[in-house]
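Hi,

Here is the structure I promised to pass on. Have a look, and my notes come after it.

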Amino acid sequence: MSIQFGVHAGLQNTTLAELQGLWRRVEDAGYDWISIWDHFYAADASGSATCLEAVTTHAALAAATSRVRCGSLVYSVGYRHPAVLANAMATLDQLAQGRVTLGLGAGWHQTEYDAYGIPFPDAPVRLRMLDEGIQGVGGLLTEDVTDFKGEFFTLQGARCEPKPVQERLPIWVGGGGEKVTLRIVARHADGWNIPFTAPDVYAHKVEVLHAHCERAGRDPATLTKSVNVGLAFSDHDLRAQFSTMAEYVRPGVLTGSTQEIVDRIGAYRDAGATWVILAVRAPFHVDDLERFATEIFPAFA
């Protein structure tokens, strides 16, 4: 099973000019994926609101690159209505000439919801919203007319035109909940992503996902499986990137010698991952990303 590599660049404590420079160097280095996140506040416990908006930055990514897939990991259905999001993604795919992948999730960073007065219900409710949201977005991106009536979202004779360039714009779901989230992936998604998970835990999640696929009558081979991991050649780099979340993400961080990193990626591949995506945030260590491409890519060519 082959592995493709990407970069997931956080939008906090940075500028569009800095990101555009990063994206171009990442694409030139040979990565096949670049994604953005969906937050209004920094994705940590700092309480900082220094963070660029996602849809606008996603468009900048599409405009600044020419080859990589332009992904999102992941838009929150808690503040992204499926019809509004579908129209944005269809237009973005026109801008990217068929390179957009849409990631959806149930949301987790309550600080930003509370600050803006956006309801943040408990997890079961948010997951029901995700289940409805992916069906609504999927219908709008593929069908001429979409009718959907759910607990949270209603679409009546709804259209989304023009359609994406891609015949089927891939929709990934982010999260690792074994009872509900992975069931949603098996039933409705084209791909799946989970962040900062050790290879053995990832392997277990894949087994659960495959069981859901079997119950849904789905061939697991039709699902793209990805993992977000950190890259830190030193403990100092880890703490500089992830601050208060350093210990939380440590199980899913690539570190050590070239061979140690190759072996760990091999463990993710053996567990079923077809994408390994390096999750980075400012201060960006672009030289490390280029070193990774030079030293690690050949082992998986």
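Below is what turned up around one helix and the pocket beside my notes on it.

First, the ground rules: this is a predicted model, where local features need pLDDT of at least 70, side-chain atom pairs count only at pLDDT 80 or more, and totals for chains, interfaces and linings use all residues. Residues are numbered from 1 along each chain as its sequence is written, and side-chain values use heavy atoms, with hydrogens and water left out.

Arg-126 sits in helix α5 (residues 123-142); helices are DSSP runs of H or I with at least four residues, strands E runs with at least two, numbered from the N terminus. Arg-126 is buried (under 20% relative accessible area, 1.4 Å probe, protein chains only). There is no salt bridge for Arg-126 (a side-chain nitrogen of Lys or Arg within 4 Å of a carboxyl oxygen of Asp or Glu), and the nearest side chain of opposite charge, Asp-122, is 6.3 Å away. A polar atom of the Arg-126 side chain does lie 3.3 Å from the backbone oxygen of Ala-106, and one lies 3.3 Å from that of Gly-107.

Leu-130 is in α5 too, and is buried with a relative accessible area of 0%. Beyond four places in sequence, Leu-130 touches (heavy atoms within 4.5 Å) residues including Val-77, Leu-104 and Ile-184.

As for the largest pocket, 40 residues line it, and α5 gives the most, with four.

Cheers

Terms used:
Buried < 20%, exposed > 50% of the residue type's maximum accessible area, 1.4 Å probe, protein only. Lys, Arg positive; Asp, Glu negative; His and termini not counted. Polar contact = N/O pair within 3.5 Å; in protein donor to acceptor, adjacent residues only side chain to side chain. 1 Å grid on protein atoms, 1.4 Å probe; cavity = no way out; pocket = protein on both sides within 12 Å on 5 of 7 lines; lining within 4 Å.
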